[in-house]
Amino acid sequence: MTGTEIETYISRILMDENKVFYTQSEIYKGINFALYVLATLFHAFFKSYSFSGTYPLDIPSDFLCPYSLYCDNSRLYPMSLSELRNLGLSTTGTPQYYAFTSSHILLWPKPTSSHDYILNYAYIPDEIANGSDPPLDDPWHYPMAHIAVGRCLMVDLKEHMLARAGYWLRRGIEEASYLALGIDRDSDFHYPRFNLSALGGGE
């Protein structure tokens with residue numbers, strides 16, 4: 001599916017479930033949520049980016065969230081932006097910690113010369129970012145769409161809608177679990193439901 005087709009697929013499920021029209025903005029909030037879930041739980045949409053540069057460091061345009069950052073082959077440790085600022089942004093030396101703003105990677109201590117970096121991160125697929133061709137050529141788009149549906153339905157606090165949100169969230173995560181185990185099902189995921197009872201989940 002292309003990004004536009006994914007949006008249409010999600011919109012149709014939402015209309016069937018809630019008989020309510022969801023805006024493109026609401027649907028893409030759901031998609032972004034789904035990308036975070038798949039990236040953090042299953043390392044989907046993983047990319048490694050090697051670069052050299054001087055401070056401050058620019059964030060790649062397709063950046064979603066970080067896994068790790070290395071400076072001259074030494075791993076740096078994540079910090080919140082407020083924690084890093086409390087240490088003092090003017091301190092210079094060999095970097096040990098990092099934090100992110102909306103457009104830059106901040107380091108502490110601040111380097112005064114160029115270094116070699118490796119950023120391992122989850123990326124936003126072009127098909128999602130611009131809603132156009134080429135198609136998203138991997139099986140992650142169905143669990144992504146189903147998790148996005150669950151996120152959209154969570155906004156409605158009616159009990160029956162929360163139950164349906166739980167169903168779609170669980171379905172998307174179950175589908176992603178199969179993929180993470182290397183089990184590639186057909187595109188419609190017509191298979192016996194994955195049993196999460198051992199983890200305290202539903203049937």
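A disulfide is a pair of cysteine sulfur atoms within 2.5 Å. With that in mind, here are some close-up views of this predicted model.

**View A. Cysteines without a disulfide.** By that cut-off, the structure holds 0 disulfides. Take a look at two of the cysteines, Cys 65 and Cys 71. Cys 65 counts as buried because its relative accessibility is 9%. Cys 71 counts as buried too, with a relative accessibility of 5%. Across the strand pairing, Cys 71 stands opposite Tyr 117 in E8.

**View B. Strand E8 and its partners E1 and E3.** Strand E8 covers residues 115-123, and strand E1 covers residues 46-53. These two strands pair in the antiparallel sense over 8 bridges. Within this view, Tyr 49 can be found opposite Leu 119 in E8. Strand E3 (residues 63-71) also runs antiparallel to E8, and 7 bridges join them.

**View C. Glu 17 and its surroundings.** Follow helix H1, residues 3-18, and you will meet Glu 17. Is this residue, Glu 17, buried or exposed? Glu 17 counts as buried, since its relative accessibility is 18% and the cut-off for buried is under 20%. Its side chain makes a polar contact of 2.7 Å with the side chain of Trp 168. Leaving aside neighbours within four places in sequence, Glu 17 is in contact with Leu 153, Met 161, Arg 164 and Trp 168.

**View D. Trp 168, Tyr 167 and Arg 164.** Here we stay with Trp 168, the polar partner of Glu 17. Trp 168 counts as buried because its relative accessibility is 8%. A search of the whole structure finds 11 aromatic pairs. One of them joins Tyr 167 and Trp 168 edge-to-face, at 5.0 Å centre to centre and with 75° between the planes. Arg 164 lies over the face of Tyr 167, 4.6 Å from the ring centre.

**View E. A cluster of aromatic rings.** Ring pairs link Phe 63, Tyr 98, Phe 100 and Tyr 121 into a cluster. Among the 11 aromatic pairs in the whole structure, Tyr 98 and Phe 100 form one that is edge-to-face, with 5.7 Å centre to centre and 90° between the planes. With a relative accessible area of 3%, Tyr 98 is buried.

**View F. Lys 47 over Tyr 123.** For a last stop, look at the ring of Tyr 123. Lys 47 lies over the face of Tyr 123, at 4.7 Å from the ring centre.

Note on methods. Residues are numbered from 1 along each chain as its sequence is written. This is a predicted model: local features need pLDDT of at least 70, side-chain atom pairs count only at pLDDT 80 or more; totals for chains, interfaces and linings use all residues. Side-chain values use heavy atoms; hydrogens and water are left out. Buried means under 20% relative accessible area, exposed over 50%, partly exposed in between (1.4 Å probe, protein chains only). Helices (H or I, at least four residues) and strands (E, at least two) are DSSP runs, numbered from the N terminus. A polar contact is a pair of N or O atoms within 3.5 Å; within protein, one must be able to donate a hydrogen and the other to accept it, and residues adjacent in sequence count only if both atoms are side-chain atoms. Contact means heavy atoms within 4.5 Å. Rings of Phe, Tyr and Trp (its six-membered ring) pair if their centres lie within 6.5 Å; planes under 30 degrees apart count as stacked, over 60 as edge-to-face and the rest as tilted. A charge sits over a ring if NZ of Lys or CZ of Arg is within 6 Å of the ring centre and within 35 degrees of the ring normal. Two strands pair if DSSP finds at least two bridges between them.
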